[in-house]
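Good morning, everyone, and thank you for making time for this. Please take a moment to look at the sequence and the structure before I begin.

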Amino acid sequence: MAAAMGDSIQRYPLLRLLFSYLCGLGLADVLYPHVDSLCQLGLCGVLLSLLLLFMSIGRRGLSYGIVAAALFLMLGVWSYAWTRGKTEYVWPQGELVYEARVATEPRARQRSVLCEVEVMAVRDSSEWRRIERKVMAYLEPSDEADALLPGDVLCFRGNVRKPYNFTDSLAFDYARYVTMQGASGTIYLSRGQWTKVGVSRLSLRERMLRLRHRLKEKYIEASFDGDVLGILSAMTLGDKRGLNPEIRAVYGNAGTAHVLALSGLHVGVVYGIFALVFRSLLRKRRLRWLCELLPIVILWLFALLVGMSVSVVRAVVMCTLYVFARWLSDGSSSPLHTLSLTALLMLLVRPLWLFDVGFQLSFMAMAAILWVEPYLEELFRRHSLHPIWGYLVGLLCMSLAAQLGTFPLVLYHFGTFPCYFLLTNVFVVPSLSILLLLSLVWWVLLLIDAPWALSAGLLLQHLVECMNKVLEHIGTWPGAVLHVEGYGLGAMLFPYLFLLFAGLFAIKKWKRGALLALASLLGLLLTLLLKP
């Protein structure tokens, strides 16, 4: 195993640094509530590691690697503690007047409207005192609350409280969830407790989010409504507020919930379309760099438009790094190396993203596709297949690899597993590609006021309705969803160990891998049988 793992580390040295940084984040998460000076401890560790690294320059060997790993370990500890420390704030007691800026579009809840705001100032003792803290504001449902947009400035009176759990149930730690979102407090506001006082100077991100709101209104003006409106908004604009719980359950039970969240598939389609357009328009060889740069710029604008979700940011950063790597290395770049660098850069900017379910699922799915899918496809390359069958086999391999990489996380976080995911993804993935292309055609026809826009809109509606009916029907099949209760953290690790050792045995011909894979499987069974 040491030889196999050592070979991977030598080929992908960023994996070692990324693993060290992840260990630092995990260690800090365990120690944070119990160590008051964790930020100072991490900073001292970083400075000491930098000193040792400087002293070991020119001595490339085991000691140099250990010091580099220690540097990223302590960097993970410090970055986590510093980020969590920014969310700590002692709010003044009593009802005070606050001025806040709306950060995101409001999201309807069962009994309230959730609006993330950035508090800018508080009026204390007849004077305004400037503060900069993020707050989860729960507004009483009203048309005024639903109409709020990013960049709007609110003035409200209330008692902001530190995040806390409403019940003693251990099923969901709400206080931790709010803190991991970067918020320092929560507040509930009735209609008479807040008012909109104006609009601040808009940033590029807020302008793009307001544009998304106007684009969604175009869908409504085109008579899209209900589930069709919700799915189109989610798949093309990244706005999932219109998805009702029933349609979410349909896509979840069918194993296609990932298409409701914008991800690498959507980014790939957008990049492919604009890359083809610019290469057709800019055919001169000296403008080749512009053909590569313009699609990247559009991808970042697209990421801002759809709300900068974790999966979209991952795909756009990876695509950007991959394009620049091709420039610097004359077309040769490793996707796994790019994925590792993407994860490291994103976590250096936002350390708490590691504990986001979307981040975990996105990277584990991509890692499995890059590592496992080539070996799966190699099994079929021995047989000559028709191009259509080859395309379907490629979809099956990609879907199977992604599910292998994410199913332990899905069981841990949600306690369910869709059993017909292979069948549904073979149907949904091509349908999604057609839907994205057709929606782009519809937008172009709408902008030029062409008479065929109505026909394209009808095709979009029928395609979405067809997808919904097929997935709803598959969800009713016997054994469509596997439910596992009490799936703990320990039971999540054993499946990954089983896949790792089984892969080393099958690919690297490492004989002990078979024994360790069986031991991991036994550990999983014992964990499930002995669960409380």
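Arg176 lies over the face of Phe355, at 5.4 Å from the ring centre, and I should say at once that this is a predicted model. A similar arrangement involves Arg161, which lies over the face of Tyr164, at 4.3 Å from the ring centre.

Let me turn from charges over rings to rings beside rings, for the structure holds 15 aromatic pairs. In one of them, the ring centres of Trp78 and Trp82 are 5.9 Å apart and the planes meet at 15°, which is under the 30 degrees that the label requires, so this pair counts as stacked. Both tryptophans belong to helix H4 (residues 62-87), where they sit 4 residues apart, about one turn of the helix. Trp78 is partly exposed, with a relative accessible area of 26%, and Trp82 is partly exposed as well, at 44%.

Tyr98 and Phe156 form another stacked pair, with 5.3 Å from centre to centre and 20° between the planes. Here the pair links distant parts of the chain, since Tyr98 is in strand S1 (residues 96-102) and Phe156 is in strand S5 (residues 152-158), 58 residues apart. Both Tyr98 and Phe156 are buried, and ring pairs join them with Tyr89 and Trp91 into a cluster.

Finally, is Ser340, in helix H13 (residues 335-349), buried or exposed? Its relative accessibility is 5%, and because buried means under 20%, Ser340 counts as buried. Leaving aside neighbours within four places in sequence, Ser340 is in contact with Leu14, Leu15 and Leu18.

Methods:
Residues numbered from 1 in each chain as written. Predicted model: local features only at pLDDT ≥ 70, side-chain atom pairs only at ≥ 80, totals over all residues. Heavy atoms only, no water. Buried < 20%, exposed > 50% of the residue type's maximum accessible area, 1.4 Å probe, protein only. Contact = heavy atoms within 4.5 Å. Phe/Tyr/Trp six-rings, centres within 6.5 Å; stacked < 30°, edge-to-face > 60°. Helix = DSSP H or I, 4+ residues; strand = E, 2+ residues; numbered from the N terminus. Lys NZ or Arg CZ within 6 Å of the ring centre and 35° of its normal.
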